[in-house]
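Visitor: I'd like a close look at one part of this protein, with a bit of the surroundings for context. Could you walk me through it?

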Amino acid sequence: MKIISDIQDLRDQLRGQNRAVFVPTMGNLHEGHLSLMRLARQHGDPVIASIFVNRLQFGPNEDFDKYPRTFEADVEKLEKEGVYVLFAPTEKDLYPEPQEYRVEPPQNLGKILEGEFRPGFFQGVCTVVLKLFSCVQPKVAVFGKKDYQQLMVIRQMCRQLALPVDIVPAETVRADDGLALSSRNGYLSTEERQEAVQLIQTLKEIQEKVLQGKLTSADVLKIEQDACAKLSTRGWVPDYISVRKRNDLLSASDADLSSNQPLVVLAAAKLGKTRLIDNLEI
C-alpha cells in the first residue's frame, strides 16, 4: 500500500485508474470501516482510502483536538485489507490556503436533525468530500448508513452537481449486543458502554410500534417524546429521536403513515460526555 499526502502525487499515482473506489475516513479505524473497504472491492478496483480529520465539520465546542488519531494501527489494518493507496493529507496539503469556498446543502436537508444540533456540520462534510472527490476522482465511493443523513446529503450533492461518482451505501456494523460501531465508543466508560446498547433497543421498540400500523402523526410524536423521556430517566441527554421518511428525511404526515411510506427512525443522544447517533429503517 502506498501512503500519499500530496495531491499532485496522488493524481500522478492514480492516472488511468478509471474504476477506482474510494472510502473516505477520519481514521481510528474499526471493523465498521474495514467492512467498507471489503464492500468497495466489490464495486471496482483499486480501493483508495483516505484518513483526514476534517476541522471544518467540528463545531467550536466539539472534540476536534481530542478525536482519536491512531495512524500506525490504521495503516496496518488497511494493508491487511488490500487497500492500494492511502491518501493521508495534512491540513496544509488539503487546505493550503483558507477554504473560503464552501458547499452549503439545502436547508430542508442540511439544517434538520444533525444539522440543527451541529450547525455548519454538513457544510464542512460537503466541502471536504467534494475536495476529496476532486483529488481522488473515483468512479465509486462508499459511505456507511450509520451516518444516514450524511449519506443522503452526499448523494444529493453528487446528483445536483453532476459529479461522476456513484455512492454506494454500506449497512451499519454492530457489536454483538447491537451497539453501532463508532470511533467515539472509545470515549465510553465500562458502565457507559453497557448502558449504550439502550439506544438501539429504544429504536427497535419504536420500530415495532410503528410497524403495528394505524398510527397518526400525533401518535408518532407521542412515541418519540416517550422514547426521549425514557432515555432521560436513564441518564441520557437526547438531542432527538425522530421518525422520518426515508426519501427526504421529512416528518411523515397522516397520509404518509396510512400509505406505508418507507420510514427510518434516527436518534442522537449524549451518554456522559459522549454523543452517540444511530438509526433503524422501518
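Into which domains is the chain divided? And once that's clear, please zoom in on the sheet and whatever packs on it.

Guide: Sure thing, and keep in mind that this is a predicted model. The chain splits into domain 1, covering 2-170, and domain 2, covering 185-281.

Now for the sheet. It's an open one with 6 strands, paired in parallel and running in the order 1-4-3-2-5-6. At the edges sit strand 1 (2-4) and strand 6 (166-170), each of which pairs on one side only. On average, neighbouring strands are turned by 25° against each other, if you ignore direction. As a general point, the strands of a sheet pair through backbone hydrogen bonds, in either a parallel or an antiparallel way.

For one pairing in detail, take strand 2 (residues 21-25) and strand 5 (residues 140-144): they're joined in the parallel sense over 2 bridges. Here Phe-22 stands opposite Ala-141 of strand 5.

Two helices pack on this sheet. Helix 1 (residues 7-14) touches strand 1, strand 3 (47-51) and strand 4 (85-87), and its direction makes about 160° with that of strand 4. Helix 2 (residues 31-41) has contacts with strand 2, strand 3, strand 5 and strand 6, while its direction makes about 170° with that of strand 2.

Helix 2 deserves a longer stop, since His-33 is found there. UniProt lists His-33 under "active site", though in an unreviewed entry, and such annotations may be inferred rather than shown by experiment. Is His-33 buried or exposed? Its relative accessibility is 13%, and the cut-off for buried is under 20%, so His-33 counts as buried. Leaving out residues up to four places away in sequence, His-33 touches Thr-25, Gly-27, Asn-28 and Ser-183.

Stepping back to the two domains: their centres, taken over C-alpha atoms, are 27 Å apart. The contact takes 17 residues from domain 1 and 17 residues from domain 2. Between them, domain 1 and domain 2 bury about 1,400 Å², with 59% of that on carbon and sulfur atoms. On the domain 1 side, the names to look for are Leu-113, Phe-117 and Tyr-148: they supply 43% of the area that domain 1 buries against domain 2, more than any other three residues.

Terms used: Residues are numbered from 1 along each chain as its sequence is written. This is a predicted model: local features need pLDDT of at least 70, side-chain atom pairs count only at pLDDT 80 or more; totals for chains, interfaces and linings use all residues. Side-chain values use heavy atoms; hydrogens and water are left out. Two strands pair if DSSP finds at least two bridges between them. Helices (H or I, at least four residues) and strands (E, at least two) are DSSP runs, numbered from the N terminus. Axes are lines fitted to C-alpha atoms, for helices over the stretch in contact, and angles run from 0 to 180 degrees between N-to-C directions. Contact means heavy atoms within 4.5 Å. Buried means under 20% relative accessible area, exposed over 50%, partly exposed in between (1.4 Å probe, protein chains only). Domain bounds come from an automatic or database domain assignment. Buried area is the accessible area (1.4 Å probe) that two parts lose on being put together, summed over both.
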